[in-house]
Amino acid sequence: MNKEQEQIRKKSPIQIKNRKASFEYFFIEEYTAGIVLTGTEIKSIRLGKASLVDTYCTIINGELWVKGMNISPYFYGSYNNHEMKRDRKLLLTKREIQKLASATKQTGYTIVPLLVFIDEKGRAKMDIALCKGKKEFDKRQTLKEKEDKREMDRAMKVYK
């Protein structure tokens, strides 16, 4: 990911994160994919009414799909409202999908959504990552590093 892409994500008013992902997985490769949405879904995302809890990606017939993503119904949607937890198609190049498909055939690898954001043109994008699951001792190590960092930050504030 280059600096320009990083700045777009930081400028985005909507950033829906999968907070558990970094605790549960090691990230091998990251990709940015477009999401195929209906009209009321994009309106709900722009209001921040979406969640990535228990969300994962699968490859079906050469297409990448996100499953379990919750987008709340749009308040003004009437009969045109969408289903909350339907499967949504992700847009990546054929080469990237083939690369992900071959990698996920290995045991322990999966595709996990990390972030949903709105780009500068108003389109919803999703950052996904090819991940390898962490073992229990890796999770403990992550917690220890997080706690050490927090203590160092506290010490620096006192020192200043």
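**Figure 1. Arg88 sits in strand β7, which covers residues 88-91.** This is a predicted model, and we start with a charged residue tucked inside it. Arg88 counts as buried because its relative accessibility is 0%, and the cut-off for buried is under 20%. What does the side chain of Arg88 reach at 3.0 Å? Its partner is the backbone oxygen of Met69. Arg88 also has plenty of company from elsewhere in the sequence: leaving aside neighbours within four places, its contacts include Ile35, Val36, Leu37, Glu41, Leu64, Trp65, His82 and Glu83.

**Figure 2. Here is the whole chain, before we zoom back in on its parts.** The chain has five helices and nine strands. Read from the N terminus, they come in the order α-β-α-β-α-β-β-β-β-β-α-β-β-α. The C-alpha trace spans about 55 × 40 × 30 Å along its principal axes. Of the 160 residues, 34% are buried. If you take the contacts with a separation of 6 or more, 66% of them join residues 24 or more positions apart. About 10,900 Å² of the chain is exposed, with carbon and sulfur atoms supplying 52% of that area. As for charge, there are 34 positive and 21 negative side chains, and the centres of these two sets lie 2 Å apart.

**Figure 3. The largest nonpolar core brings together 26 residues.** In soluble globular proteins, nonpolar side chains tend to be buried together. Which residues have the most contacts inside this core? They are Ile45, Leu64, Leu90, Met126 and Ile128. Several elements each chip in at least two residues, among them β2 (25-35), α3 (39-46), β5 (63-67) and α4 (94-104). Strand β9 gives the most, with four residues. Besides this core there is a second, separate one of seven residues, including Val112, Leu114, Ala129 and Cys131.

**Figure 4. A close-up of Ile128 shows who its neighbours are.** Not counting residues up to four places away in sequence, Ile128 touches Glu29, Glu30 and Tyr31, and its list also includes Cys57, Leu64, Leu90, Leu92 and Leu100. Further along the chain, Ile111, Val112, Pro113 and Leu114 are touched by Ile128 too.

**Figure 5. Helix α3 has several buried residues.** Thr40, Glu41, Ile42, Ser44 and Ile45 are the ones to look for. What do the buried residues of α3 pack against? Their partners are strands β1 (15-17), β3 (50-51), β6 (70-71), β7, β8 and β9. Just after the helix, Gly48 takes a positive phi of about 80°.

**Figure 6. Thr55 and Asp54 share the loop between β3 and β4.** Is Thr55 buried or exposed? Thr55 counts as buried because its relative accessibility is 7%. The side chain of Thr55 reaches the backbone oxygen of Leu52 at 3.0 Å. Outside its own stretch of sequence, Thr55 touches Val66, Lys67, Gly68, Met69 and Pro113, with residues up to four places away not counted. Asp54 is another story: at 64% relative accessibility, Asp54 counts as exposed. Asp54 also has a positive phi of about 55°, although it is not a glycine.

**Figure 7. Asn61 lies in the loop between β4 and β5.** Asn61 is exposed, with a relative accessible area of 77%. Its backbone has a positive phi of about 55°, even though Asn61 is not a glycine.

Conventions. Residues are numbered from 1 along each chain as its sequence is written. This is a predicted model: local features need pLDDT of at least 70, side-chain atom pairs count only at pLDDT 80 or more; totals for chains, interfaces and linings use all residues. Side-chain values use heavy atoms; hydrogens and water are left out. A nonpolar core is a set of buried Ala, Val, Leu, Ile, Met, Phe, Trp, Tyr and Cys residues joined through side-chain atoms within 4.5 Å. Buried means under 20% relative accessible area, exposed over 50%, partly exposed in between (1.4 Å probe, protein chains only). Contact means heavy atoms within 4.5 Å. A polar contact is a pair of N or O atoms within 3.5 Å; within protein, one must be able to donate a hydrogen and the other to accept it, and residues adjacent in sequence count only if both atoms are side-chain atoms. Accessible areas come from the Shrake-Rupley method with a 1.4 Å probe; for residues, only the protein chains shown count as cover. Lys and Arg count as positive and Asp and Glu as negative; His and the chain ends are not counted. The place of a charge is taken as NZ of Lys, CZ of Arg, CG of Asp or CD of Glu.
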